[in-house]
Amino acid sequence: MTLPETTSPAHALAGTAAAPRPSTDRVPASVPTSVGVLGGGRMGAGIAHAFLLAGARVHVVERDAAAAEAARERVETALARSAQKGIEIPDADTLTTGVDTAAFAAAGLVIEAVPEDRALKVDALARIEGAVHDHAVVASNTSSISIDALAAALRRPQRFLGLHFFNPVPASALVEVVTGSRSEPQVVGAATDWVEAIGKTAVVVRDAPGFASSRLGVSLGLEAIRMLEEGVASAHDIDTAMELGYRHPMGPLRTTDIVGLDVRLGIAEELERAFGARFTPPALLRELVAQGHLGRKTGRGFYEWSER
């Protein structure tokens, strides 16, 4: 099997997704020379930023010229922040943005990062697969939608898997590598190495509703929203209880604000379909989303945000 060209010599891949990889005498992990991202919002821009810093040429494709320019600005802002921290940033020509998926023709890896809507993701993945070469790896940044369900519409499901990044991508240390039933072990191994190469930690999970992180995180977040709805305590006190009592670095309501209330609602609805009433979204969550209070990105959620 041929794997995408990388920025350094090829290295051995794990034989199975769960197999331990040796910690010594390894060629350092590297990223594909060319990486594509479909969707340049907060998540897509963060993913692009991570691969640029790791040495890849990155192509971000958006729905129209205005969105593509906005995506460029997001990535360049993130790169400027990295430069302020003393991190070496790549030349400007390593990032391209546009509206044509033909830019993905030479990419070794393309990640869709469109909103958490099943139909939208199916369409995005079909567009990607129509543009990439046969040996490219295609990944979804979905946080809850079944990888096998998304793979059902693809011609090469064996080269498809989930790469679930966390928001904000530059500050997050984790990526879930989600394996579908037809994802080739070599592809899973390569993707796990790419996560390492961008300076993050990979956890490999099999395809299941909500995977590992979203299922647990949303469960806690929904209960916190119910408690707020019932007047058990304020948002601040609920969060403080988990931060100090259970050593969570951030409480569930503040986390929901950062993730986005609309994103959490979409995940909860997906999990409700899979598991039933225990994931039914609270009325308060639906009300805030309907009012446009989506968290940090809109300036208000369970908290007021002066910086977005």
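Analyst: Contact, in what follows, means heavy atoms within 4.5 Å. By that criterion, helix α3 (residues 118–131) lies across β1, β2, β4 (109–112), β5 (137–140) and β6 (160–165). The model is a predicted one, in which local features need pLDDT of at least 70 and side-chain atom pairs count only at pLDDT 80 or more, while totals for chains, interfaces and linings use all residues. Residues are numbered from 1 along each chain as its sequence is written, and side-chain values use heavy atoms, with hydrogens and water left out.

User: What makes the eight strands an open sheet?

Analyst: Strands are DSSP runs of E of at least two residues, helices are runs of H or I of at least four, and both are numbered from the N terminus. Two strands pair if DSSP finds at least two bridges between them. The resulting order is β3-β2-β1-β4-β5-β6-β7-β8, with mixed pairing. At the edges stand β3 (95–98) and β8 (201–206), each of which pairs on one side only. From one strand to the next, the twist averages 25°.

User: How do you know that β1 and β2 pair?

Analyst: Five bridges link β1 (residues 34–38) to β2 (residues 57–61) in the parallel sense; the criterion asks for at least two, so the two strands pair. Within this pairing, G36 has H59 of β2 as its bridge partner.

User: Which bridges place β6 between its partners β5 and β7?

Analyst: Three bridges join β5 and β6 in the parallel sense, and A139 stands opposite L161 of β6. On the β7 side, four bridges join β6 and β7 in the antiparallel sense, where G162 stands opposite V178. V178 also stands opposite V205 in β8, and six bridges join β7 to β8 in the parallel sense.

User: What makes the direction of α3 roughly antiparallel to that of β4?

Analyst: Axes are lines fitted to C-alpha atoms, for helices over the stretch in contact, and angles run from 0 to 180 degrees between N-to-C directions. Angles under 35 degrees count as roughly parallel, over 145 as roughly antiparallel, 65 to 115 as roughly perpendicular and the rest as oblique. Helix α3 runs at about 160° to β4, and that value falls in the roughly antiparallel class. Helix α5 (residues 185–197) touches β4, β5, β6, β7 (174–179) and β8, and its angle of about 175° with β7 is likewise over 145.

User: Why is α8 called roughly perpendicular to α9?

Analyst: The axes of α8 (residues 252–259) and α9 (residues 261–275) come within 6 Å and cross at roughly 100°. That angle makes the two helices roughly perpendicular. At their meeting, P252, T255, T256, D257 and V259 of α8 face L261, V263 and R264 of α9 in contact.

User: Why is β7 described as largely enclosed?

Analyst: Buried means under 20% relative accessible area, exposed over 50%, and partly exposed in between (1.4 Å probe, protein chains only). Five of the six residues of β7 are buried, so the rest of the structure largely encloses this strand. In β6, six of six residues are buried. In a regular strand the side chains alternate between the two faces of the sheet. For β6, F160, G162 and H164 are buried on one side, as are L161, L163 and F165 on the other.

User: Why is S183 counted as buried or exposed?

Analyst: S183, in the loop between β7 and α5, has a relative accessible area of 12% and is therefore buried. A polar contact is a pair of N or O atoms within 3.5 Å; within protein, one must be able to donate a hydrogen and the other to accept it, and residues adjacent in sequence count only if both atoms are side-chain atoms. The side chain of S183 meets this limit twice: at 2.7 Å from the backbone oxygen of F160 and, through a polar atom, at 2.9 Å from the backbone nitrogen of G180.

User: Why does V35 count as buried?

Analyst: V35 has 0% relative accessibility and therefore counts as buried. V35 lies in β1 and touches F51, A56, R57, V58, H59, A107 and L109, leaving aside residues up to four places away in sequence.

User: What makes a set of residues a nonpolar core?

Analyst: Such a core consists of buried Ala, Val, Leu, Ile, Met, Phe, Trp, Tyr and Cys residues joined through side-chain atoms within 4.5 Å. The largest here has 35 residues, and those with the most contacts inside it are F51, V58, L109, L163 and F165. Helix α1 (residues 42–53) gives the largest share, seven residues. Apart from this core lies another, of 22 residues, including A107, I128, I147 and A151.
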